[in-house]
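Student: I've got a structure open and I'd like to learn how to read its features one by one. Can you walk me through it?

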Amino acid sequence: MQEFVERIGREHPEVTDSVSLHEWSVREPGAFWEQMWRYAGVIGEAGDVVFDPVDGSVQRGRFFPGASVSVAENLLTPKVGAADEALVAITEAGDHRSYT
């Protein structure tokens, strides 16, 4: 997450940590989700509109209403780091368990 914060912070200096990232994402939901689409490497077409507030609120808004995405392609395409450890647990006894 820190990498994403730093990436956003280069264009939006007010974003310096997770709290300010959250504040920015609420203030600028379209810009946030456009950046997240790119950062996550979503395979597909985002469409011309990232966020349509419909009635002016986020609650009823539509994100990427014109997007075309294959869930299967996004899940099955190999990604860098996909086999890295995601969760690591080490007990007080020193037992080590990790999950990818």
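Tutor: Let's begin with a term: a salt bridge is a side-chain nitrogen of Lys or Arg within 4 Å of a carboxyl oxygen of Asp or Glu. Before we use it, note that this is a predicted model, where local features need pLDDT of at least 70, side-chain atom pairs count only at pLDDT 80 or more, and totals for chains, interfaces and linings use all residues. Residues are numbered from 1 along each chain as its sequence is written, and side-chain values use heavy atoms, with hydrogens and water left out.

Student: How many salt bridges does the structure hold?

Tutor: The general idea is that side chains of opposite charge can pair when their charged atoms come close. Here there are four salt bridges. One of them joins Arg-27 to Glu-14, at 3.5 Å from N to O.

Student: Where do Arg-27 and Glu-14 lie?

Tutor: For that you need the element names: helices (H or I, at least four residues) and strands (E, at least two) are DSSP runs, numbered from the N terminus. Arg-27 is in helix α2 and Glu-14 in the loop between α1 (2-11) and α2, so the bridge ties together parts that are 13 residues apart in sequence.

Student: Are these two residues buried or exposed?

Tutor: Buried means under 20% relative accessible area, exposed over 50%, and partly exposed in between (1.4 Å probe, protein chains only). At 48%, Arg-27 counts as partly exposed, and Glu-14 is partly exposed with 42%.

Student: Which other salt bridges should I look up?

Tutor: Try Glu-34 and Arg-38, whose side chains meet at 2.8 Å, N to O. Both sit in helix α3, four residues apart, about one turn of the helix. Glu-34 is partly exposed at 33%, and Arg-38 is partly exposed at 47%. Then go to Arg-62 and Asp-52, where the closest N and O atoms are 3.9 Å apart. That pair links distant parts of the chain, with Arg-62 in strand β3 and Asp-52 in strand β2 (residues 51-52), ten residues apart. Arg-62 has a relative accessible area of 45%, so it is partly exposed, and Asp-52, at 28%, is partly exposed too.

Student: Back to helix α2. Which of its residues are buried?

Tutor: The buried residues of α2 are Ser-20, Leu-21, Trp-24 and Ser-25. They cover an arc of only 140° around the axis (taken from the directions from the helix axis to the C-beta atoms), which puts them on the same side of α2. The face turned away from that buried side carries the exposed residues Val-19, His-22 and Val-26.

Student: What do the buried residues of α2 pack against?

Tutor: They pack against α1 and α3, where contact means heavy atoms within 4.5 Å. Look at Ser-20, which lies in α2 (residues 18-27) and is buried at 8% relative accessibility. Leaving out residues up to four places away in sequence, Ser-20 touches Glu-14 and Val-15. Its side chain also reaches the backbone oxygen of Glu-14 at 3.5 Å.

Student: And what about rings? How do I describe an aromatic pair?

Tutor: A pair of aromatic rings is described by the distance of the centres and the angle of the planes. Rings of Phe, Tyr and Trp (its six-membered ring) pair if their centres lie within 6.5 Å; planes under 30 degrees apart count as stacked, over 60 as edge-to-face and the rest as tilted. This structure holds seven aromatic pairs. Among them, Phe-32 and Trp-33 are edge-to-face, 4.9 Å centre to centre with 90° between the planes. Phe-32 is buried at 11%, whereas Trp-33 is partly exposed at 36%.

Student: Why is the pair of Trp-37 and Phe-64 called tilted?

Tutor: Their centres are 4.7 Å apart and their planes at 40°, so the pair is tilted. Trp-37 belongs to helix α3 (residues 29-40) and Phe-64 to the loop between β3 (62-63) and β4 (68-69), so to speak distant parts of the chain, 27 residues apart. Both Trp-37 and Phe-64 are buried.

Student: Which residues do ring pairs link into a cluster?

Tutor: Phe-4, Trp-24, Phe-32, Trp-33, Tyr-39, Phe-51 and Phe-63.

Note on methods: Polar contact = N/O pair within 3.5 Å; in protein donor to acceptor, adjacent residues only side chain to side chain.
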